[in-house]
Amino acid sequence: MAIKVKKATKKEVEIIKERFLERYSGAVTELEYKNLYELVVAVALSAQCTDKRVNLITPSFFAKFPSPKELAQAPLEEIKELIKTCSFFNNKAKNLKAMAQRVMEAYGGEVPLDEKELKTLAGVGQKTAHVIMIEYAGVNLMAVDTHVFRVAHRLGLSQDETALKTEETLTKLFKDNLQTLHQAMVLFGRYICTAKNPKCDECFLSEFCKTKESFKAK
Ligand code: SF4
């Protein structure tokens, strides 16, 4: 069943796309990382956790586990201790260790830069794999997190109930520059079109807003 929200017209979609691209050309993730391994860890930690908190955790994490090799061999309790201020740290610790073990066993210690291969790693689903491919390789892909989902629905770009369906819809609507549009919608949702008390007076898309209701992705 679709979420009831008025659909943006073709013309509106075009203008929304143009404005996002104007405002956020060159936007990148706020997660701090130095290589692909660090990006995978940071993105995995960022699920249900703010980028700010992840950036506080990762310096000591990477000092202790500078590559998949050290992480694969680490006692689970040590991993948990380092990430305990992050939500769902128990599960994340297990997944990070399993991810590193697979990278060691199947890929000789090099994280694979390939969507299909990434999805074989523990804790890496489609959204995480897409975020990694967008950020690290600038691939034309959409990824839908809580911000993108909310923004897409408020602007009438999607009526879908799930994040995956919304990803499909946005991909079809926007077609190109998806990597920049993803970053744009994340930043717009994080700083302007926030879940509670959106800053509508600062909004450069207010004439296209269909509802200020807060939508949550399934
Ligand atoms: S007008 Fe407000 S709720 Fe609507 S898109 Fe802009 S910031 Fe979001």
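With 218 residues, the protein chain would be expected to have a radius of gyration near 17 Å if it formed a compact globule, and its value of 18 Å agrees with that. Please keep in mind that this is a predicted model. The chain holds eleven helices and zero strands, and a domain assignment divides it into domain 1 and domain 2. Here is a short tour, from the whole chain down to single residues.

**Overall build**

- Reading from the N terminus, the order of elements is α-α-α-α-α-α-α-α-α-α-α, in keeping with a count of eleven helices and zero strands.
- Along the principal axes, the C-alpha atoms of the protein chain occupy a box of roughly 55 × 35 × 30 Å.
- Buried residues make up 48% of the 218 residues in the protein chain.
- If you look at contacts between residues at least 6 apart in sequence, 63% of them link residues at least 24 apart.

**Surface and charge**

- The protein chain has an accessible surface of about 11200 Å², and carbon and sulfur atoms account for 52% of that surface.
- There are 34 positive and 28 negative charges in the protein chain, and the mean positions of the two sets are 5 Å apart.

**Two domains**

- Domain 1 is made of two stretches, 10–27 and 141–208, while domain 2 covers 36–137.
- Eleven residues from domain 1 and nine residues from domain 2 take part in the contact between them.
- From the C-alpha centre of domain 1 to that of domain 2, the separation is 27 Å.

**Tyr37, in helix α2**

- Tyr37 sits in helix α2, which spans residues 36–45.
- Tyr37 counts as buried because its relative accessibility is 5%, below the 20% cut-off.
- Leaving aside residues up to four places away in sequence, Tyr37 touches Phe61, Phe62, Phe65, Pro66, Ser67, Pro68, Leu71 and Val111.
- One of these partners, Pro68, is 31 residues from Tyr37 along the chain, with 7.2 Å between the two C-alpha atoms.

**Ile134, in helix α8**

- You will find Ile134 in helix α8, residues 126–137.
- Ile134 has a relative accessibility of 4% and therefore counts as buried.
- Beyond residues up to four places away in sequence, the contacts of Ile134 are Val139, Leu141, Met142, Ala143, Gln179, His182 and Gln183.
- Although Ile134 and Gln179 are 45 residues apart along the chain, their C-alpha atoms are separated by 5.3 Å.

**Glu81, in helix α5**

- Glu81 belongs to helix α5, which runs over residues 76–83.
- With a relative accessibility of 49%, Glu81 is classed as partly exposed, since the exposed class begins over 50%.
- Phe61 is 20 residues away from Glu81 along the chain, and 9.8 Å separates their C-alpha atoms.

**Two positive phi angles outside glycine**

- Phe88 is a residue other than glycine, yet its phi is positive, near 55°.
- The location of Phe88 is the loop between α5 and α6, the latter being residues 89–107.
- Phe88 is exposed, as its relative accessible area is 55%.
- Asn197 is likewise not a glycine and has a positive phi, of about 45°.
- Asn197 falls in the segment after α11, a helix covering residues 178–191.
- A relative accessibility of 67% makes Asn197 exposed.

**Lys218, after the last helix**

- Lys218 is located in the segment after α11.
- Lys218 has a relative accessible area of 68% and so is exposed.
- Lys218 still has contacts with Glu161, Thr162 and Ala163, when residues up to four places away in sequence are not counted.
- Ser46 lies 172 residues from Lys218 along the chain, and their C-alpha atoms are separated by 17 Å.

Technical notes:
Residues numbered from 1 in each chain as written. Predicted model: local features only at pLDDT ≥ 70, side-chain atom pairs only at ≥ 80, totals over all residues. Heavy atoms only, no water. Helix = DSSP H or I, 4+ residues; strand = E, 2+ residues; numbered from the N terminus. Rg over C-alpha atoms; globule rule 2.2 N^0.38 Å. Buried < 20%, exposed > 50% of the residue type's maximum accessible area, 1.4 Å probe, protein only. Contact = heavy atoms within 4.5 Å. Areas by Shrake-Rupley, 256 points an atom, 1.4 Å probe, with all protein chains shown as cover. Lys, Arg positive; Asp, Glu negative; His and termini not counted. Charge placed at Lys NZ, Arg CZ, Asp CG, Glu CD. Domains from an automatic or database assignment.
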